[in-house]
Amino acid sequence: MTRRLLWTLPPVALLGVFFLYPLTLVVQQSLRPDSGGTSLRPYADVFASEAFRQALWTTVWLALAATAGCLVLGFFLALVIAFVPFPGARAVARFVDVFLSFPSFLITLALLFVYGSTGVVGSSQFLTTPWGVLLAEVTYFTPFVMRPLLAAFSQLDPAQIEAASSLGARAPAIVRRVILPEALPALAAGGSLVLVLCLNEFGIVLFTGAKGVTTLPLLIYGKAILESDYAGACVVAVVNVVLSVGLYALYRGVSRRAGA
């Protein structure tokens, strides 16, 4: 028992020093207005501001729309790679793994060369709109859905597909009745990861220079760096953390019920 406790203390101490302690400082700072003391006034001021409400709405709808787009596109692409034989399928699957290591601003920069003001498409301001940000997020985060789907498809017994095909089932029916049920856990895992990542995405929104598109991470940057409103920035950060943790807890609850 003592030895087990000794092995447990180092990771707990590291977690406390490098994660919980800084998070505690953020919470403390969010309760300290410029006038001094401890108060909920920073929360009241931030919640009453139109900029915060707009940023919250923009963050939520962009994250939900991007997640939906990633799920649909990722499922289709993973389906093609896994079950439609074509030359280079393995190379494409490996490229998906490599793509996961790319920084988000690199993908946004590539899109700027296509849809930017001097891009291939021509003089277009598409990327500076909310739809441009949505396109960039779907492009970057789709492989995060494809990776668990490809792993799930590799575990699928081909005999199930052959049996369904021999019974006269067509491709859409096989996808709906055989492949999709096996892919649901992978879709849930990839979708939840993408949702949390989109909620906290900063680089794509900043790098596109989208006008009128302010998300919670961008609002935190503006308050802390541009306005020196550290209490307000910490309030928004706390809201962002609560939102992310809440969605993750919801995902865990749904996953446990699905597995029960």
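**Figure 1. Ser228, just after helix H10.** Here is a good place to start in this predicted model. Ser228 comes after H10 and has a positive phi, near 55 degrees. The helix before Ser228 spans residues 216-226. Its buried residues are Leu216, Pro217, Leu218 and Leu219, together with Gly222, Lys223 and Ala224.

**Figure 2. The largest pocket and the residues around its centre.** Take a look inside: the largest pocket holds about 610 Å³ of space. Its lining is made of 27 residues, and those closest to the centre are Leu79, Ile81, Ala82, Phe83 and Val84. Sorted by class, the lining has 20 nonpolar residues, six charged ones and one polar one.

**Figure 3. Helices that line the largest pocket.** Which helix gives the most to the lining? That is H3, with six residues. At least two lining residues each come from H3 (50-83), H4 (89-99), H6 (130-154), H7 (158-166) and H8 (171-199).

**Figure 4. A nonpolar patch on the surface, with Phe83 as one of its members.** Phe83 belongs to helix H3, and you have already met this residue among those closest to the centre of the largest pocket. On the surface, Phe83 joins Val84, Phe86 and Val92 in a nonpolar patch. Together, the four residues have about 280 Å² of accessible area. Is Phe83 buried or exposed? Neither label fits, because its relative accessibility is 30%, so Phe83 counts as partly exposed. For reference, buried means under 20% and exposed means over 50%. Val84, another member of the patch, is also listed with the residues closest to the pocket centre.

Methods:
Residues numbered from 1 in each chain as written. Predicted model: local features only at pLDDT ≥ 70, side-chain atom pairs only at ≥ 80, totals over all residues. Heavy atoms only, no water. 1 Å grid on protein atoms, 1.4 Å probe; cavity = no way out; pocket = protein on both sides within 12 Å on 5 of 7 lines; lining within 4 Å. Points joined across faces, edges and corners; volume = space filled by probe spheres on them. Helix = DSSP H or I, 4+ residues; strand = E, 2+ residues; numbered from the N terminus. Nonpolar A, V, L, I, M, F, W, Y, C, P; charged D, E, K, R; others polar. Patch = residues over 30% accessible without salt bridge, like charges linked within 9 Å, V, L, I, M, F, W, Y side chains within 5 Å. Areas by Shrake-Rupley, 256 points an atom, 1.4 Å probe, with all protein chains shown as cover. Salt bridge = Lys/Arg side-chain N within 4 Å of Asp/Glu carboxyl O. Buried < 20%, exposed > 50% of the residue type's maximum accessible area, 1.4 Å probe, protein only.
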